[in-house]
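Here are my notes on the model, point by point. Please read them with the structure open.

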Amino acid sequence: MDVTDHEELLVRQIRHADANFHLLKANGVRSINVMGPVGCGKTTLMERLIERLITCGLVVGAIATAATGDTDFQRFLTSGAICANINTGGSGYLDAVSLSRALSDLDLAAIDVLFIENLPGIISPVDYPLGTSEEIVVLPLTAGSGVVSSYPRIFAQTDLLIINKIDLASVLSTSPKTIAAEYASVNLQGRSILTDALRGNGISKLIETLGFDCDGKW
Ligand SMILES: Nc1nc2c(ncn2[C@@H]2O[C@H](COP(=O)(O)OP(=O)(O)OP(=O)(O)O)[C@@H](O)[C@H]2O)c(=O)[nH]1
Ligand SMILES: [Mg+2]
């Protein structure tokens, strides 16, 4: 791909991200892009959030993304979300064009908050704006120290870090505090939340940090 092709691709992505943003806004949908490496607990966290927010009276949407298949999509359906599934095939990233197609499959007017699980990774997602109103990055405690400083861009650009799998702290050499301190060093206004998504620990704090009051609408 030469420079002109690359620029055209970027312009197209930005145009679609902008259209997604305005479409979501026009429908009153709060949209949250959930990013993080493979197996960090994105789907488990989203399941916990979906279940809790539904009990708060919100209509929750979720978009699953995978190269192939619908495993996470089925999990979101079971959690009670209004869902869509994106298969990216051979592409290593989720882009705004694919998201816009998935949005057209959803009844956006009915949805209060929409979670989008990005393809696993901590490099590509930052290069492909989607047009969501917010972004979250998840890092499992099992990733250990050094990940934030080795791949700072996603952490510098994302103001909420969820450090998940803290239940494993007793068998790991890295403490959540170490990862939180690394994050603070690359993102001055960023906030870290500690979770054990498997057991639902930290989810109330996460919901509060995201600004859901759970007394009705956000
Ligand atoms: N011990 C522990 N395990 C967890 C936690 N959260 C998720 N898991 C487990 O980690 C594995 C991966 O969880 P998923 O939620 O599927 O992770 P993901 O980030 O969606 O994975 P991909 O979509 O494949 O990138 C599963 O076996 C979960 O049960 C946690 O807080 N503690
Ligand atoms: Mg997943």
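1. Which residues of H2 are buried? They are Lys42, Thr43, Thr44, Leu45, Met46, Glu47, Arg48, Leu49, Ile50 and Leu53. That is ten of the 14 residues, and H2 is mostly covered. Bear in mind throughout that this is a predicted model.

2. The geometry of H2 is close to expectation. From its first C-alpha to its last, H2 reaches 20 Å, close to the 20 Å expected at 1.5 Å a residue. The helix runs over residues 42–55. Glycine 57 follows H2, and its phi is positive, near 95°.

3. Now the ligand. The shell around ligand 1 holds 17 residues, and Gly41, Lys42, Thr43, Thr44 and Pro120 come nearest. Helix H2 gives the largest share of that shell, three residues. By class, the shell has six nonpolar, six polar and five charged residues. Lys42, Thr43 and Thr44 appear again here: they are among the nearest residues to ligand 1, and they are also among the buried residues of H2.

4. Next, the sheet. Seven strands form an open sheet in the order E3-E2-E4-E1-E5-E6-E7, with parallel pairing. Strand E3 (82–87) and strand E7 (191–194) are the edge strands, each pairing on one side only. From one strand to the next, the twist averages 20°.

5. Take E1 (residues 30–35) with its two neighbours. E1 and E5 pair in the parallel sense over four bridges. E1 and E4 (residues 113–117) pair in the parallel sense over five bridges. Valine 34 is a useful residue to look at in both pairings. Its bridge partner in E5 is isoleucine 136. Its bridge partner in E4 is glutamate 117.

6. Strand E5 (residues 134–140) is mostly covered, with six of its seven residues buried. Beyond its pairing with E1, E5 pairs with E6 (residues 160–164), again in the parallel sense over four bridges. Two positions show the register. Valine 138 has isoleucine 162 as its bridge partner in E6. Valine 137 stands opposite leucine 161 in E6.

7. Why is E6 described as largely enclosed by the rest of the structure? Four of the five residues of E6 are buried, so the strand earns that description. E6 and E7 pair in the parallel sense over four bridges. There, leucine 160 stands opposite arginine 191 in E7.

8. Two helices should be viewed against the sheet. H2 lies across E1, strand E2 (60–66), E4, E5 and E6. The direction of H2 is at about 170° to E4. Helix H7 (residues 176–186) lies across E5, E6 and E7. H7 runs at about 160° to E6. E5 and E6 are thus listed under H2 and under H7.

9. Lysine 165 deserves a check. This residue is found in the loop between E6 and H7. Its phi is near 65°, a positive value in a residue other than glycine. Most residues other than glycine have a negative phi. Is lysine 165 buried or exposed? Lysine 165 counts as buried because it has 23 C-beta neighbours inside 10 Å.

10. Valine 59 lies in the loop between H2 and E2. Valine 59 counts as partly exposed because it has 17 C-beta neighbours inside 10 Å, and a buried residue needs 20 or more. Not counting residues up to four places away in sequence, valine 59 touches Ile82, Ala110, Ile111 and Asp112. Take isoleucine 111 as one of these. It is 52 residues from valine 59 along the chain, yet their C-alpha atoms are separated by 5.1 Å.

11. Finally, valine 113, which is found in strand E4. Valine 113 counts as buried because 24 C-beta neighbours lie inside 10 Å. The C-alpha atoms of valine 113 and proline 176 are separated by 28 Å. Along the chain, these two residues are 63 residues apart.

Technical notes: Residues are numbered from 1 along each chain as its sequence is written. Chains are lettered from A and ligands numbered from 1 in the order in which they are written. This is a predicted model: local features need pLDDT of at least 70, side-chain atom pairs count only at pLDDT 80 or more; totals for chains, interfaces and linings use all residues. A residue is near a molecule or strand if its C-beta atom, placed from the backbone, lies within 6 Å of it. Ala, Val, Leu, Ile, Met, Phe, Trp, Tyr, Cys and Pro count as nonpolar, Asp, Glu, Lys and Arg as charged, and the others, Gly among them, as polar. The expected span of a helix is 1.5 Å times one less than its number of residues. A residue is buried if 20 or more other C-beta atoms lie within 10 Å of its own, exposed if 12 or fewer, and partly exposed in between; C-beta atoms are placed from the backbone. Two strands pair if DSSP finds at least two bridges between them. Axes are lines fitted to C-alpha atoms, for helices over the stretch in contact, and angles run from 0 to 180 degrees between N-to-C directions. Two residues are in contact if their C-beta atoms, placed from the backbone, lie within 7 Å.
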